[in-house]
Structure formats: structure tokens, C-alpha cells
Amino acid sequence: MPSLTRTLVTLEFDDGHRSQMLAVPLLARRAMHATFFVNSDRIGEEGYLSWPHLRELHATGHEVGGHSLGHDDLRKLDPAALTRAIEDDREALRGQGFPCVSFAYPYGWLDGGVREAVREAGYQSARVIHGLTDTTTLVPPGRGGIPGGILRRIDRPVLELERRAHEPRAVRSLSRASDDRGKLRIRAATAPAAVRRRILVCASLGEFAETVPPRDRYATRTVEHVMRWTTVLDLQRRVTAAERRGGWVQIVFHYIAGESAFAVRPATLAAFLDWLRARAPGGTEVKTVAEVIGDR
Ligand SMILES: [Zn+2]
């Protein structure tokens with residue numbers, strides 16, 4: 001019988017970037033397995049994983065999941081193209097001997113038709129890239145996090161809680177400009193202290209983990225993907241926040257090393273994995289998506 005406060009962590013690598021092979025020895029050294037969501041049309045192209053890479057991943061206990069043929073916004077495809085993008089991708093992966101039971105929506109975007117097509121294709125679960133409270137909101141503004149320590153990103157759900165529960169005027173007074181991810185950027189240095197305190201209080205009301213089993217298997221929730229400026233402490237906080245009540249934390253990576261804003265530094269990843277391994281005796285386990293979904 002699983003304990004109520006058990007925490008499951010899944011390390012996920014999206015889009016089949018070749019640099020993700022840098023994670024393999026780091027994971028192997030710590031006896032951890034991850035889930036790799038790939039676009040089968042891109043496999044073998046320059047900069048992407050090859051079929052032999054994927055076979056090696058599968059053979060060594062990692063999971064290979066589907067992410068559609070070519071990473072289109074699936075909401076924009078006509079019904080025939082939508083079916084092809086999901087089913088042909090899954091068939092290509094299954095043709096290599098991968099069970100391919102887990103899906104991740106490209107960009108995390110879906111609508112009712114996309115969700116249904118994924119379910120129809122035989123997938124057991126599908127992941128979005130939103131829905132949980134970002135623990136960076138737990139950090140007092142101006143400390144740690146984004147270089148410079150001035151800008152902090154506050155999730156809309158937290159601000160919504162704040163708006164409803166506390167000081168609507170103070171929240172409105174925060175300087176706000178939606179960035180390209182629809183997040184609000186707050187200049188912490190100028191945020192009223194009372195609001196900063198409230199944000200911390202509200203953050204404690206947030207949801208930091210997906211339920212096990214997930215509330216909706218075809219829209220399993222995460223916070224935003226790991227970015228270049230994500231620190232080891234940011235990653236640790238996602239886990240420790242979830243550990244308070246237990247649940248499932250999916251951590252989404254793209255590139256490893258390199259200059260992309262979506263690249264995690266190898267040292268950050270290695271330090272996080274070491275820290276994560278040390279949590280195991282306390283009941284925090286690293287599992288693939290298929291293992292979590294199959295866990296009842
Ligand atoms: Zn993607």
C-alpha cells in the first residue's frame with residue numbers, strides 16, 4: 001500500500017534533441033530512468049537523436065514516448081492530418097519495439113479534438129505544460145532565481161488567488177506586462193511588501209503536484225519547462241513543495257548544455273540528480289511516466 005505522502009518524480013526530455021544523450025550517463029550513474037518524448041519525423045536529422053540512440057535508451061530502461069510526427073500545433077491540423085500526426089508517430093515508435101504508451105502535447109497545447117485523437121490512438125496518458133503552481137513564487141522576491149534578482153515570474157493562478165482573497169488594489173498596482181509565455185513579470189523591487197508577503201501565503205495554497213492517479217490522464221499537469229536560468233534550488237523546491245502532501249512532479253527538459261534559453265546546464269542536472277537520489281529513503285522516487293500511470 002503506497003504511503004499517502006509518497007512523492008514520484010519523472011524526468012522528461014522533450015523533442016529528441018541529440019544533446020539529451022548527455023543525460024544518459026548522469027542517469028545511469030544514479031540508477032534513474034527518464035522519459036524521452038520524441039517526434040518521429042525528426043529522428044536521425046542533424047541535432048536530433050537517431051534510431052540507434054532511441055533503441056539504446058529503451059534497452060537500458062528509459063521510456064520513449066510520442067510527441068507527434070513533426071511538432072505541429074495539433075489544434076491547427078484538419079482531422080485527417082491530426083490523426084496522422086498522432087497515429088503514424090506512434091506506429092513508427094512501436095515499429096521499433098517501444099511500447100509508446102505516453103504522449104506529450106507539442107507546446108503543451110490541446111483542445112477536445114486533439115485530446116480525443118490521442119486517446120483513440122491508444123495512449124495511456126498525455127502531458128501538458130501548465131496547471132501547477134510554480135514554486136519560484138515561494139522565493140521572496142529579489143533573492144535567488146533569475147539573474148539580477150529583480151524580476152520574478154509569478155504564475156497567473158497565484159495572482160488570481162491573491163486577487164480574490166486579499167488586496168485587489170495592491171495586486172493591480174503591480175507593474176505587469178505579459179511576456180510571450182503569458183506570464184506576468186513583476187518588478188519585485190517595486191512590489192509593495194504587503195503584496196510580496198501575500199504572494200508567499202497564497203503560494204502555500206497552490207497545487208505543487210499532480211495527483212496519483214492523475215486527475216485527468218490526458219492532461220497531466222506540470223509547471224513550466226526548465227530554462228537556462230533554472231537553478232538547482234528551483235528544481236529542489238518543486239520536489240520539496242510536492243513532498244508536503246505527496247503526488248507526482250514531472251520535470252520537463254529540452255536541451256542539455258549549449259546556448260539555448262531552453263538548455264539546462266549539465267552541472268545543474270547532475271547536482272539535482274544527486275540531491276534527488278538522496279531523497280529516496282524519505283519516500284521520493286524517480287519513475288518514468290509509464291511507471292507512474294501504471295502505478296495503482
Ligand atoms: Zn516539444
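**Helix 3**

I started with helix 3 and listed its buried residues: Leu82, Ala85, Ile86, Asp89, Arg90 and Leu93. This is a predicted model, so I keep that in mind throughout. What do those buried residues pack against? I find strand 3 (63-66) and helix 4 (112-120) on the other side of the packing. The spacing of the list made me recall the usual rule: an α-helix has 3.6 residues a turn, so residues three or four places apart point the same way.

Next I checked the length. Helix 3 covers residues 79-94, 16 in number. From first C-alpha to last I get 22 Å, close to the 22 Å expected at 1.5 Å a residue.

**Strand 9**

I moved on to strand 9, residues 247-253. Seven of its seven residues are buried, so the strand is largely enclosed by the rest of the structure. I then looked up its pairing with strand 1 (residues 7-14): the two run parallel and are joined by seven bridges. For one concrete pair, I noted that Leu8 has Trp248 of strand 9 as its bridge partner.

**Glu210**

Where does Glu210 sit? I place Glu210 in the loop between helix 7 (193-203) and strand 8 (220-222). Buried or exposed? I count 24 other C-beta atoms within 10 Å of Glu210, and the cut-off is 20 or more, so Glu210 is buried.

I also pulled its contacts, skipping neighbours within four places in sequence: Leu132, Thr220, Arg221, Gly247, Trp248 and Gln250. Trp248 is the residue I had just met as the bridge partner of Leu8. Last, I checked Glu210 against Thr7: they are 203 residues apart in sequence, yet 9.8 Å apart in space, C-alpha to C-alpha.

Note on methods: Residues are numbered from 1 along each chain as its sequence is written. This is a predicted model: local features need pLDDT of at least 70, side-chain atom pairs count only at pLDDT 80 or more; totals for chains, interfaces and linings use all residues. Helices (H or I, at least four residues) and strands (E, at least two) are DSSP runs, numbered from the N terminus. A residue is buried if 20 or more other C-beta atoms lie within 10 Å of its own, exposed if 12 or fewer, and partly exposed in between; C-beta atoms are placed from the backbone. Two residues are in contact if their C-beta atoms, placed from the backbone, lie within 7 Å. Two strands pair if DSSP finds at least two bridges between them. The expected span of a helix is 1.5 Å times one less than its number of residues.
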